[in-house]
Amino acid sequence: MFSELLRGVGRNTKDGSRKKGGIKVHTMMDAFSGVAEFVRMTAAREHDRKFLYELDLPANSWLVFDKAYNVYRQFLKWTEQKIWFVTRMKDNAVFHVTKVLVDRTKKKNAKGVLKEQYITIGVKTGNGQEQRLKLRRITFQTQDGKAYVFITNNFTLPASQIATIYKNRWMIELLFKQIKQNFPLRYFWGNSVNAIKMQVYCVLIAQLLMVVIRKKAATRKSFANMITVIRLHLMSYVSLLEFIKDTYKAWRKTHNASFAFTP
């Protein structure tokens, strides 16, 4: 697609050629169901963090997201609403340490929680004044030596559990990987923004239906294998759920066929 439809990132071309466009699909996924709960599509040039303003959640909800979505003013609003979040801290973040609870950074070959701190961050409110946002800052080192710095507005859960919650954020990466592998959007059938969005929504609906079918069939088939079977036999006169549960049994039942194996 080109920038006449949805603008992409980057500078304009010097030779006057057409500039590429792009679309972002911002998704909030339910951690228990593994499907998209809320989707917002924007041009690729729009910043990711604007997605957070669209979320409407009840109190005591939990949000986990990458550091690209760091918006301290929104963090302050969530804290007042008792909506908890876990994310990574940006390297250039400016903060003030008010209390150090754990510090194992000088311990040799330390793993897990290396440091736990209470910090405050300045947030500019709508009237131009600055308010201090209280957060927890947790430094965590994995078994392979990678260090991560998390921030959260929840002060009750153990620091190790905060790290585990963020680790589960990888589920949304698997969701998009599942969509890209089984419902590839190699080309678009329409030449308008609305047509492109409709095609993306159709892909998300198809993925949701496949998750429901797989759960009802209680099959051990992988998601990719199940998609392949359905794609090949979608127009066959056979019960779809039975076909997913036991392919050969459903085929024999439909065609009144029997198999005899001889040496």
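Tyr72 and Phe75 sit in helix α1, 3 residues apart, which is about one turn of the helix. I start with these two, and I should say at once that this is a predicted model. The ring centres of Tyr72 and Phe75 are 5.8 Å apart and the ring planes stand at 75°, so the pair counts as edge-to-face. The cut-off for that label is planes over 60 degrees apart. The count of aromatic pairs comes to 13.

Now the sheet. Which strands make it up, and in what order? The open sheet has 6 strands, running β3-β4-β8-β7-β6-β5, with mixed pairing. Its edge strands are β3 and β5, the latter covering residues 96–103, and each of the two pairs on one side only. From one strand to the next, the twist averages 20°. Helix α1, residues 72–81, packs on this sheet. The helix touches β3, β4, β6, β7 and β8, and its direction makes about 95° with that of β7. So that you can find β4 on the screen, that strand is residues 84–88.

As a reminder, strands of a sheet pair through backbone hydrogen bonds, either parallel or antiparallel. At the β5 edge, the partner strand is β6, residues 112–124, and the two pair in the antiparallel sense over 6 bridges. To take one position, His96 has Thr120 of β6 as its bridge partner.

Next, the hairpin of β1 and β2. How many bridges join these strands? There are 7 bridges between β1 and β2, and the strands run antiparallel. β2 is residues 36–43. Ile23 has its bridge partner in β2, namely Ala43. Between the two strands of the hairpin lie 6 residues, and Gly34 takes a positive phi near 75°.

That brings me to the pockets. The largest pocket has a volume of about 1,300 Å³. It is lined by 42 residues, and those closest to its centre are Thr27, Met28, Met29, Ile172 and Phe176. Which elements supply at least two residues of that lining? They are β1 (23–29), β3 (62–64), α3 (170–182) and α4 (193–217). So the hairpin strand β1 and the edge strand β3 both turn up again here. By class, the lining of the largest pocket holds 29 nonpolar, 4 polar and 9 charged residues.

The second largest pocket contains about 340 Å³ of space. Its lining has 14 residues, and nearest its centre lie Thr142, Tyr148, Phe150, Ala163 and Lys167. Two or more lining residues come from each of β7 (130–141), β8 (147–152) and α2 (159–167). Which element gives the largest share? That is α2, with 5 residues. Sorted by class, this lining has 6 nonpolar, 6 polar and 2 charged residues.

To go back over the main items: one open sheet of 6 strands, helix α1 packed on it, the hairpin of β1 and β2, and a largest pocket of about 1,300 Å³.

Key: Residues numbered from 1 in each chain as written. Predicted model: local features only at pLDDT ≥ 70, side-chain atom pairs only at ≥ 80, totals over all residues. Heavy atoms only, no water. 1 Å grid on protein atoms, 1.4 Å probe; cavity = no way out; pocket = protein on both sides within 12 Å on 5 of 7 lines; lining within 4 Å. Points joined across faces, edges and corners; volume = space filled by probe spheres on them. Helix = DSSP H or I, 4+ residues; strand = E, 2+ residues; numbered from the N terminus. Nonpolar A, V, L, I, M, F, W, Y, C, P; charged D, E, K, R; others polar. Pairing = 2+ DSSP bridges. Axes fitted to C-alpha atoms, helices over the stretch in contact; angles between N-to-C directions. Contact = heavy atoms within 4.5 Å. Phe/Tyr/Trp six-rings, centres within 6.5 Å; stacked < 30°, edge-to-face > 60°.
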